[in-house]
Amino acid sequence: MTPAALLTELFERVLTSAEAAVDGLTEDQLATRPGDGANPIAWLVWHLARVQDDHVATVAGLEQVYTAQGYAERFDLPFDVSAIGYGQSREEVGQVRADAALLTDYLRAVHAQTTGWVAGLEADDLDRVVDEDWDPPVTLGVRLASVANDDLQHAGQAAYVRGLLGA
């Protein structure tokens, strides 16, 4: 298996897991918090897509799908379009409301950009340093593994919340 095929498989799992978490739920169900201050499914899926979009676009030298394809306007959230969810307050998390179709559409568009770019990667590409602000510096391979890991954790959280809703 090539590195590109492995990364494609990882990101495919993100897509299918997150799609399953939102499938058939209403906007109200997607916005339901299972506990005080807990993250709702809508925020979890929006956030995981935003992280993938932001981080992959940065290392690939691409414009984010969120702005390039009009998703910032479609979501119409009351914070800066550069927001990806890190450090958001309880109130901001609660402001992410979207229906399953919009969440899935954005996630699929991000997935298409990610896997389209990843398909061209060679093994040596993964050793390229993409962030020197860390010790040791972060390579492309480490960054992509980090994104996939973060996304899969949030997809799992969304599936858990779905279960709590009885859906």
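Is D135 buried or exposed? With a relative accessible area of 78%, D135 is exposed, where exposed stands for over 50% relative accessible area, buried for under 20% and partly exposed for anything in between, with a 1.4 Å probe and protein chains only. The model is predicted, so to speak of local features a pLDDT of at least 70 is needed, side-chain atom pairs count only at pLDDT 80 or more, and totals for chains, interfaces and linings use all residues. Residues are numbered from 1 along each chain as its sequence is written, and side-chain values use heavy atoms, with hydrogens and water left out.

D135 sits in the loop between β1 (129-131) and β2 (138-139); helices (H or I, at least four residues) and strands (E, at least two) are DSSP runs numbered from the N terminus. The same loop holds P136, and a cis peptide bond, with omega at about 5°, links D135 to P136. Between the C-alpha atoms of D135 and V110 there are 29 Å in space and 25 residues in sequence.

Turning to the interior, the largest nonpolar core has 36 residues, and W46, F75 and L103 touch the most other members. Such a core is a set of buried Ala, Val, Leu, Ile, Met, Phe, Trp, Tyr and Cys residues joined through side-chain atoms within 4.5 Å. At least two residues each are supplied by α1 (3-22), α3 (41-60), α4 (65-68), α5 (71-75), α7 (100-118) and α8 (140-164). Helix α3 gives the largest share, eight residues. Beyond residues up to four places away in sequence, W46 touches a list of partners including Y66, F75, F79, I84, L103 and Y106, contact here meaning heavy atoms within 4.5 Å. L7, V56, V118 and L121 are among the 13 residues of a second, separate core. In soluble globular proteins, nonpolar side chains tend to be buried together.

A charged residue also deserves a look. D53 belongs to helix α3 and counts as buried because its relative accessibility is 3%. Its side chain reaches the backbone nitrogen of Y66 at 2.8 Å. Leaving aside neighbours within four places in sequence, the contacts of D53 are Q64, V65, Y66, Y106, V110 and Q113.

Helix α1 packs against two partners. The axes of α1 and α8 come within 9 Å and cross at roughly 20°; axes are lines fitted to C-alpha atoms, for helices over the stretch in contact, and angles run from 0 to 180 degrees between N-to-C directions. The two helices are therefore roughly parallel, the word for angles under 35 degrees, while those over 145 count as roughly antiparallel, 65 to 115 as roughly perpendicular and the rest as oblique. Residues in this contact include L7, F11, V14 and A18 of α1 and L144, A148, L152 and A159 of α8. With α7, the axis of α1 comes within 10 Å and crosses at roughly 180°, which means that α1 is roughly antiparallel to α7. Among the residues that meet there are A4, L7, F11 and L15 in α1 and L103, L107, H111 and V118 in α7.

Two further loop residues complete the picture. G24, in the loop between α1 and α2 (27-31), counts as exposed at 68% relative accessibility. The C-alpha atoms of G24 and V147 are 26 Å apart, with these positions 123 residues apart along the chain. D76 lies in the loop between α5 and α6 (90-94) and is exposed at 62% relative accessibility. Phi of D76 is near 50°, a positive value in a residue other than glycine.

Terms used: Polar contact = N/O pair within 3.5 Å; in protein donor to acceptor, adjacent residues only side chain to side chain.
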